[in-house]
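Let's go through the pockets of this model and ask what backs up each label.

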Amino acid sequence: MQMSERISGFQASPIRRLVPYANEAKRKNIKVYHLNIGQPDIQTPLQVLEAIRNYSKKIIAYGQSEGELELRQGLQTYYRSFGVEIALDDIMITTGGSEAILFSLMTLCDPGDEVIIPEPFYTNVGSFARSAMVNLVPVTSTMESGFALPPIESFEAKITERTRAILLCSPNNPTGYIFSGDEFALILDLAKRRDIFIIVDEVYREFCYDHHMFTSVLKYPEYAERVIVVDSFSKRYSMCGSRIGALVSRNHNVLEGAMKLAQARLCPPDIEQVAAIAALQTPIDYLQEVQKEYQKRRDFIVNGLRSIEGVKCTIPNGAFYLVAKLPVDDAENFAIYLLRDFNLNGETVMVAPAEGFYVTSGLGKQEIRIAYVLNTKDLERSLVCLEAALKSYPGRTI
Ligand SMILES: Cc1ncc(COP(=O)(O)O)c(C=O)c1O
């Protein structure tokens, strides 16, 4: 029996598809340091765990399709805390930021429509686009330019009559780049001139380092009609498994359209919404501590990687990922080698090959994405393993 053409065209996630190799290594008692996935080792705020323990409803019932009022009110207050005024009706709770991306694409696009995206990008967007039968049209950002927004002309050149939106992520997964106010101004101006939408994934909003500041695209009310923001509780409060996110837009047609999808999937998870309400009460020093911790990890991993011969990476200004270029023939083969053929005193590392973060074929072949979500001691062990594996890997290029 045949499966759909659509599903055959999906790529298995480059973040997760090497898991069987990792499991096999673990079966042989090899310790695997997971730098492949953005799963922080940071403690979830205690009041979130308490809220789950104290969940006292007698029936876990279906809730509102747009999410519970108290949670939307909580988010409204949270957005106000960084200067964004949003009406309650403009906030829809989703099952993770993932669902907000899918709902946005499904609401804006017909099959065959196009969304322009700077590459490398969060690889799962490729799968959401495929689900919505949308073609992602890449504009390449380069390591040489620190993965900054490519020239606006290169976006304009890609606009066709099928283009419905430009999708950005800031702070960016996988590059760590934070788009500046000036860059947003250029993109928004282009969107207005060419009458398309701007979707911005802001799930790493709190993770900005050094003097770098995050700019929310919601701060440009004059472009309100063409902006959609994707949000998530997963990383901010280290509660990835709770699956709570949000879709925010001041365009009522967008919300009305997305509501049809929201009603079809009934409601976001209830217990987790209670947990998310509690998360919004998290004291600010929790987030400040987490931010400091990630900055420390970032400095550690960047210095460590740059001291390995032949390895290149930029300094990410935000989120907790970076793209590193390795002196190898094929980063996927190297990632498999790390798990299947290598260990250093019973330890190894799992990384995500970066090719799947690009649409343009051939790009990212020598690159990996690293999620620096482990403490510095584990990062140190991971770097030692990486350096040793690069020395022994038969496909080393320099
Ligand atoms: C940029 C980006 N957007 C969305 C998501 C998905 O978030 P959620 O767990 O809320 O579905 C991730 C997860 O890694 C991400 O990196």
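Q: What makes up the lining of the largest pocket, by class?
A: In this predicted model, that lining has 11 nonpolar, 10 polar and four charged residues. Tyr counts as nonpolar and Ser as polar, while Glu counts as charged, so among the residues closest to the pocket's centre, Tyr-78 goes in the nonpolar group, Ser-81 in the polar one and Glu-206 in the charged one.

Q: How much space lies in the largest pocket, and which elements give two or more residues to its lining?
A: About 690 Å³. The elements are α4 (69-80) and α11 (284-306).

Q: Where does the ligand sit?
A: In the second largest pocket. To earn "sits in", more than half of a molecule's atoms must lie within 2 Å of the pocket's grid points, so the ligand passes that test for this pocket.

Q: Why is the pair between Ser-98 and the ligand called a polar contact?
A: The cut-off is 3.5 Å between N or O atoms. A polar side-chain atom of Ser-98 lies 2.5 Å from a ligand oxygen, so the pair counts. Tyr-204, with a side-chain N or O atom 2.6 Å from a ligand oxygen, gets in therefore too. Arg-243 has a polar side-chain atom 2.7 Å from an oxygen of the ligand, so that pair also qualifies.

Q: How much of the ligand does the protein bury?
A: Taken alone, the ligand exposes 390 Å², and the protein buries 94% of that.

Q: Which helix gives the largest share of the shell around the ligand?
A: Helix α5 (residues 96-108), with three residues.

Note on methods: Residues are numbered from 1 along each chain as its sequence is written. This is a predicted model: local features need pLDDT of at least 70, side-chain atom pairs count only at pLDDT 80 or more; totals for chains, interfaces and linings use all residues. Side-chain values use heavy atoms; hydrogens and water are left out. A polar contact is a pair of N or O atoms within 3.5 Å; within protein, one must be able to donate a hydrogen and the other to accept it, and residues adjacent in sequence count only if both atoms are side-chain atoms. Accessible areas come from the Shrake-Rupley method with a 1.4 Å probe; for residues, only the protein chains shown count as cover. On a 1 Å grid over the protein atoms alone, a cavity is a set of points where a 1.4 Å probe fits but cannot get out, and a pocket is an open set with protein on both sides within 12 Å along at least five of seven lines; lining residues have an atom within 4 Å of a point. Helices (H or I, at least four residues) and strands (E, at least two) are DSSP runs, numbered from the N terminus. Grid points are joined across faces, edges and corners, and a volume is the space filled by probe spheres set on the points.
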